[in-house]
Amino acid sequence: MLKGSKVTLRAMEPSDIEILFAWENDVDNWQISNTHAPFSRHILEQFVNSENDIFSNKQLRLMIVENETGLTVGTVDLFDFDPLHLKAGVGILIAENDLRRKGLAKESLRLLIEYAFDIINLHQLFCHIQIKNARSVKLFQGLGFEITGTKKDWSMNNGEWENQHFLQLIGG
């Protein structure tokens, strides 16, 4: 477990399947996660029960637990792990709107960044954020990510094309 003052990041457990089922099938989250179809419980059970090893799965999902309440409030992911070039994508979800803007995402990402650079020795992290998602852009920039490119007409949302920023954080 990775523990901060506000949150703890922990491995997924079988008891997380129901909450993951709700979050993954929430259409409001699909735009951010680039999801196009619902997930079945069976698929999520296989995912949760698989070996949670970034070197074999090329992905690592950790559950975000708020320390004060003990509630699981979101997930943070490393994905598209490239062991040759020592890089991975980063994604985060704080599931409930009323839990956002309380520093939970910032601390979760800080813990994940420390893990990525200090434990698995990555050289860089990257993310793709829709330009109109100013809060997320500000969050990642506040942790040292830099906008290194803009992808025009990169994703379709409600019948309209949207641009995305490409952000990178290069480690030491």
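This report covers the sheet, the aromatic pairs and one loop residue of a predicted model.

**Sheet**

Eight strands make up an open sheet. Their order is 1-2-3-4-5-6-8-7, with mixed pairing. Strand 1 (2-3) and strand 7 (146-157) are the edge strands. Each of these two pairs on one side only. In general, strands of a sheet pair through backbone hydrogen bonds, in either a parallel or an antiparallel sense.

Strand 5 (residues 87-94) and strand 6 take the parallel sense, over three bridges. Lys-87 has its bridge partner in strand 6, namely Gln-124. Helix 6 (residues 134-142) packs on the sheet. The helix touches strand 5, strand 6, strand 7 and strand 8 (160-170). The direction of helix 6 makes about 160° with that of strand 6.

**Aromatic pairs**

The count of aromatic pairs comes to three. Two of them are tabulated here.

| Pair | Centre to centre | Angle between planes | Geometry |
|---|---|---|---|
| Phe-79 and Phe-126 | 6.2 Å | 80° | edge-to-face |
| Phe-140 and Phe-145 | 5.0 Å | 85° | edge-to-face |

The pair of Phe-79 and Phe-126 links distant parts of the chain. Phe-79 sits in strand 4 (residues 72-82), and Phe-126 sits in strand 6 (residues 124-130). They are 47 residues apart.

How do the two rings stand in accessibility, buried or partly exposed? Phe-79 has 22% relative accessibility, so this residue counts as partly exposed. Phe-126 has 10%, so this one counts as buried. The cut-off that matters here is 20%, since buried means under that value.

Phe-79 and Phe-126 also belong to one aromatic cluster, together with Phe-166.

Why is the pair of Phe-140 and Phe-145 called edge-to-face? Their planes stand at 85°, and the label applies because an angle over 60 degrees counts as edge-to-face. Phe-140 and Phe-145 are both buried.

**Leu-71**

Leu-71 lies in the loop between strand 3 (60-66) and strand 4. Its relative accessibility is 52%, so Leu-71 counts as exposed. The limit for that class is over 50%.

Which residues does Leu-71 contact, leaving aside its neighbours within four places in sequence? The contacts are Ile-64, Val-65 and Glu-66. Val-7 is 64 residues from Leu-71 along the chain. The C-alpha atoms of Leu-71 and Val-7 are separated by 9.7 Å.

Terms used: Residues numbered from 1 in each chain as written. Predicted model: local features only at pLDDT ≥ 70, side-chain atom pairs only at ≥ 80, totals over all residues. Heavy atoms only, no water. Phe/Tyr/Trp six-rings, centres within 6.5 Å; stacked < 30°, edge-to-face > 60°. Helix = DSSP H or I, 4+ residues; strand = E, 2+ residues; numbered from the N terminus. Buried < 20%, exposed > 50% of the residue type's maximum accessible area, 1.4 Å probe, protein only. Pairing = 2+ DSSP bridges. Contact = heavy atoms within 4.5 Å. Axes fitted to C-alpha atoms, helices over the stretch in contact; angles between N-to-C directions.
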